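Let's take a walk through this model together, strand by strand and ring by ring. Have the structure open beside the text as you read.

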Amino acid sequence: MIKLTFINGNVFVFDLEDWSTLRSVHRIMGHIIGSTNFIPSLPSKLLPEEVLLLIDKELAEVVECHSTEIEDCKSVEEFENALMQGQQQEYKKMRRAQLETLIDKIVQMRRKVGDHRTKAEIFNEELDKSSDITKANMLWPIFLKDSSPQSLSFISKERITSLTNNLKTIVYRDLWDRGYYVTSGEKFGGNFLVYLGDPIIYHAIFIVKCIESERTFTPTELVAFGRLGVSVKKGAVLASVKDGCVSYVAINWIDA
């Protein structure tokens with residue numbers, strides 16, 4: 001059973017093996033939100049629709065962590081400062097070794113521009129200015145598990161259901177049942193992006209926007225959504241549900 005973690009109204013997967021299983025076996029993509037020095041890393045945030053599918057298929061359970069220790073700001077700041085100081089020391093050692101092989105050339109270039117300080121003074125200046133580690137550019141550790149003592153409580157399906165709506169849940173499930181890979185389409189003005197294979201390899205083929213079956217559109221709205229699809233080279237699709245069945249309408253743009 002895969003364990004998902006509920007934090008502040010969102011559901012995450014922290015475990016690397018669980019994330020790999022979700023992606024490769026169950027076609028659950030999530031969205032990587034962690035990073036270290038601009039490299040994507042766990043945790044991965046799941047859509048409510050993805051979580052509901054996993055619960056219904058009894059593939060995962062959602063828990064909420066309740067820390068038994070109260071972490072104050074001071075302890076967090078002390079941890080960050082210690083981490084930064086440790087990196088400053090390690091990087092300075094590495095930079096010192098590099099400069100020792102370059103310092104003669106650096107001094108020679110400085111002499112050409114009228115810098116007559118000693119070799120040691122120039123060395124120390126170069127070392128200080130090129131090994132400056134701050135909290136803005138330091139490397140942050142990736143915590144895949146919470147090591148603090150905690151108690152766990154299970155999150156009900158109803159609580160996850162409240163994070164989305166029935167329309168999107170049904171449409172997502174239908175797309176997933178058809179064998180597609182599905183991710184959030186929010187950045188493209190839709191609800192879902194649909195892929196024929198893993199998004200690492202494939203580009204999305206559809207932007208899907210979920211609408212109520214009774215909703216009417218103005219010509220301007222339809223044109224705007226159609227143009228959006230053309231501009232990003234994806235099909236623009238409207239999805240609605242009536243009597244439990246999902247209907248899809250594709251907006252095709254034809255140049256006259």
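Strand β10 makes a good starting point, as it is mostly covered, with six of its eight residues buried. Here buried means under 20% relative accessible area, exposed means over 50%, and partly exposed lies in between (1.4 Å probe, protein chains only). Strands (E, at least two residues) and helices (H or I, at least four residues) are DSSP runs, numbered from the N terminus. Before going on, please keep in mind that this is a predicted model, in which local features need pLDDT of at least 70 and side-chain atom pairs count only at pLDDT 80 or more, while totals for chains, interfaces and linings use all residues. Residues are numbered from 1 along each chain as its sequence is written, and side-chain values use heavy atoms, with hydrogens and water left out.

β10 spans residues 235–242 and contains S240, which counts as buried at 15% relative accessibility. How far apart are S240 and K209 in sequence and in space? They are separated by 31 residues along the chain, while their C-alpha atoms are 8.7 Å apart. The strand pairing helps to place this part of the model: β9 and β10 pair in the parallel sense over five bridges, and C210 has A239 in β10 as its bridge partner. Two strands are said to pair if DSSP finds at least two bridges between them.

K209 has a second point of interest, since it lies over the face of F225, at 4.7 Å from the ring centre. A charge sits over a ring if NZ of Lys or CZ of Arg is within 6 Å of the ring centre and within 35 degrees of the ring normal. R27 gives another such contact, lying over the face of W176 at 4.4 Å from the ring centre.

From β9 (residues 206–210) we can step to β8, for these two strands pair in the antiparallel sense over three bridges. L193 stands opposite I207 in β9. β8 also pairs with β7, again in the antiparallel sense, over four bridges, and here Y181 has Y195 in β8 as its bridge partner. In a regular strand the side chains alternate between the two faces of the sheet. Which residues cover the two faces of β8? F192 and V194 are on one side, L193 and Y195 are on the other, and all are buried.

F192 leads us on to the aromatic pairs, of which the structure holds two. A pair of aromatic rings is described by the distance of the centres and the angle of the planes. Rings of Phe, Tyr and Trp (its six-membered ring) pair if their centres lie within 6.5 Å; planes under 30 degrees apart count as stacked, over 60 as edge-to-face and the rest as tilted. F12 and F14 form a tilted pair, 6.2 Å centre to centre with 50 degrees between the planes, and F12 is buried at a relative accessible area of 10%. The rings of Y172 and F192 are also tilted, because their planes are at 55 degrees, with the centres 5.7 Å apart. Y172 lies in helix α6 (residues 166–177) and F192 in strand β8 (residues 192–195), so this pair ties together parts that are 20 residues apart in sequence. Both Y172 and F192 are buried.

β8 also takes part in lining the second largest pocket, along with β3, β4, α2 and β7, each giving two or more residues. A pocket is found on a 1 Å grid over the protein atoms alone: unlike a cavity, where a 1.4 Å probe fits but cannot get out, it is an open set of points with protein on both sides within 12 Å along at least five of seven lines, and lining residues have an atom within 4 Å of a point. The lining counts 27 residues, with G30, H31, L47, T183 and S184 nearest the centre.

Helix α2 (48–56) is one of these lining elements. Seven of its nine residues are buried, so α2 is largely enclosed by the rest of the structure. Among the buried residues are P48, E49 and E50. E58 follows α2 and has a positive phi, near 55 degrees; E58 is exposed, with a relative accessible area of 62%.
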